Amino acid sequence: MPDLSRTPDDSAAVNSLRSGVMRLSRRLKHQRVDESLSPTEMSVLGTLARCGSATPGELARKEHVQPPSMTRIVAMLEAKGLVRLEPHPEDRRQKVVRQTEQAEAMLEESRRKRNAWLADLAGRLDEDEWATLRAAAPVLEKLAHL
């Protein structure tokens, strides 16, 4: 694996990437449909949408939070009607968290709003910049999941 902090150009590129991704992420977070949900709650719903149902322990691992914190998050989402707890099919001591149709609809609306906002920004790029961004999108997606 290359050490990308060896040359000044690589260090500058890494710094620029970090700064740009963080700034864009903060701006995207403000494009929410439901302001009553925390970013963590939205992240949990997004994880359920991507990965399907999960136990609270599995969600805690995927979200990098402690299990007691996830228990509180799931309880808040359940109180808002966005998830439901169901018996685990193999272990009666555990519960499985599933998102509700209300959560699916809210996430879809949130994606639509954020995509429209991002498309508007991308529309301000010239053709070469847009081509570069299209080519970089799969690489950024890969980085996000490493």
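With a relative accessibility of 40%, K62 counts as partly exposed, because that label covers values between the 20% under which a residue is buried and the 50% over which a residue is exposed. This residue belongs to a predicted model, and within that model K62 has its place in helix α3, which spans residues 56-63. Leaving aside residues up to four places away in sequence, K62 touches T47 and C51. E127, by contrast, lies 65 residues from K62 along the chain, and the C-alpha atoms of K62 and E127 are separated by 37 Å.

From this one residue we can step back to the whole protein chain, which has six helices and two strands. Following the sequence from its start, the reader meets these elements in the pattern α-α-α-α-β-β-α-α. The radius of gyration of the protein chain is 19 Å, whereas the globule rule gives 15 Å for 146 residues, and since the value is well over that figure, the chain is more spread out than a compact globule. Along the principal axes, the C-alpha atoms of the protein chain fill a box of roughly 55 × 35 × 20 Å.

How much of the protein chain counts as buried? Of its 146 residues, 23% fall into that class, while the accessible surface of the chain comes to about 10400 Å², with 55% of that area belonging to carbon and sulfur atoms. Among the contacts with a separation of 6 or more, 50% are made by residues 24 or more positions apart. Finally, the protein chain carries 24 positive and 22 negative charges, and the mean positions of these two groups are 5 Å apart.

Conventions: Residues numbered from 1 in each chain as written. Predicted model: local features only at pLDDT ≥ 70, side-chain atom pairs only at ≥ 80, totals over all residues. Heavy atoms only, no water. Helix = DSSP H or I, 4+ residues; strand = E, 2+ residues; numbered from the N terminus. Rg over C-alpha atoms; globule rule 2.2 N^0.38 Å. Buried < 20%, exposed > 50% of the residue type's maximum accessible area, 1.4 Å probe, protein only. Contact = heavy atoms within 4.5 Å. Areas by Shrake-Rupley, 256 points an atom, 1.4 Å probe, with all protein chains shown as cover. Lys, Arg positive; Asp, Glu negative; His and termini not counted. Charge placed at Lys NZ, Arg CZ, Asp CG, Glu CD.
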